Amino acid sequence: MTTDVGPVESFPDGQVSIITLGRIEVGIIRWSGKVYAVSGICTHQGGPLCRGVLSGRLAGTAPGDMTLEDAAPVIACPWHGWEFDVCTGEAIWDPAVRVRTFPVKIVADRVLVEIGAGSRRWLASPRADET
Ligand code: FES
C-alpha cells in the first residue's frame with residue numbers, strides 16, 4: 001500500500017518527522033535532498049528509535065583518523081544507543097541486524113511511502129481479532 005504522507009517541504013532537511021500510518025510509527029527522514037522512511041521501533045528492545053539522534057556517519061581508516069560522511073545518515077536509538085544506517089536499516093556494528101525501512105518515492109513534490117502487507121505483522125503486536 002502506498003501512502004502519500006505530505007509535501008516534501010513539510011519534512012525539514014536533517015530532521016526526523018514521526019508519523020503514524022495505521023498503527024505503525026514511521027520516521028520520515030529528509031537528508032541531503034533524499035527522503036527515507038524507517039520504522040519507529042528499535043530492533044533491540046522496541047525503543048522509540050526515531051526519537052533518537054540523527055547524524056552523519058563517522059568513519060576512519062586508522063586510529064585518530066575520523067571523518068563525518070554526510071551522505072550516509074545514521075540514527076541512534078535513545079534507549080541503548082544502537083545505531084542504524086537510515087538508507088539500508090543495517091546496524092552499524094553488524095549488518096545482519098536491521099531495522100525495517102520502507103521504499104520512498106517523490107512524485108510531484110509529494111512523499112509516497114510504501115508500506116508492505118507484511119509490515120503490520122512485523123512492526124505491531126497483533127490485535128485480538130488478528131490472532
Ligand atoms: S531498544 Fe533501541 S538500543 Fe535498545
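Two strands count as paired when DSSP finds at least two bridges between them. Keep that cut-off handy, because strand 6 (residues 67-76) and strand 7 are joined by 3 bridges and therefore pass it. The two run antiparallel. What you have open is a predicted model.

**Stop 1: the whole chain.** Colour by secondary structure. You should find 1 helix and 10 strands. Walking from the N terminus, the order is β-β-β-β-β-β-β-β-β-β-α. Of the 131 residues in the protein chain, 23% are buried. Now think about contacts between residues at least 6 apart in sequence: 48% of those join residues at least 24 apart.

**Stop 2: strands 5, 6 and 7.** Select residues 53-59 for strand 5, then add 67-76 for strand 6 and 83-85 for strand 7. These 3 strands make an open sheet in the order 5-6-7, with antiparallel pairing. Strand 5 and strand 7 are at the edges with a single partner strand each, so one side of each has no neighbour in the sheet. Turn the view and look for the twist, which averages 55 degrees from one strand to the next. To see one bridge for yourself, pick Val74: its partner in strand 7 is Asp85.

**Stop 3: the four-strand sheet.** Which order do the strands of the other open sheet follow? The answer is 2-3-4-8, again with antiparallel pairing. Strand 2 and strand 8 (101-102) are its edge strands, each pairing on one side only.

Zoom in on residues 15-21 and 24-31, which are strand 2 and strand 3. They're antiparallel, with 7 bridges between them. Click Ile19 and you can follow its bridge to Val26 in strand 3. The hairpin leaves 2 residues between the strands, and there Gly22 has a positive phi near 65 degrees.

Next, add residues 34-39, which are strand 4. Strand 3 and strand 4 pair antiparallel over 6 bridges. Here Arg30 is the one to click: its bridge partner in strand 4 is Val35.

**Stop 4: confidence.** Switch to colouring by pLDDT. The chain's mean is 88, and 89% of its residues reach 70 or more. Which element has the lowest mean pLDDT, and which the highest? Helix 1 (residues 119-123) is lowest at 44, while strand 7 is highest at 97.

Finish by selecting residues 119-131, where pLDDT stays under 50. The model has 13 contacts beyond four places in sequence for this stretch. Where pLDDT is low, don't read the predicted coordinates in detail.

Technical notes:
Residues numbered from 1 in each chain as written. Predicted model: local features only at pLDDT ≥ 70, side-chain atom pairs only at ≥ 80, totals over all residues. pLDDT = per-residue confidence, 0-100. Contact = placed C-beta atoms within 7 Å. Axes fitted to C-alpha atoms, helices over the stretch in contact; angles between N-to-C directions. Buried ≥ 20, exposed ≤ 12 C-beta atoms within 10 Å, placed from the backbone.
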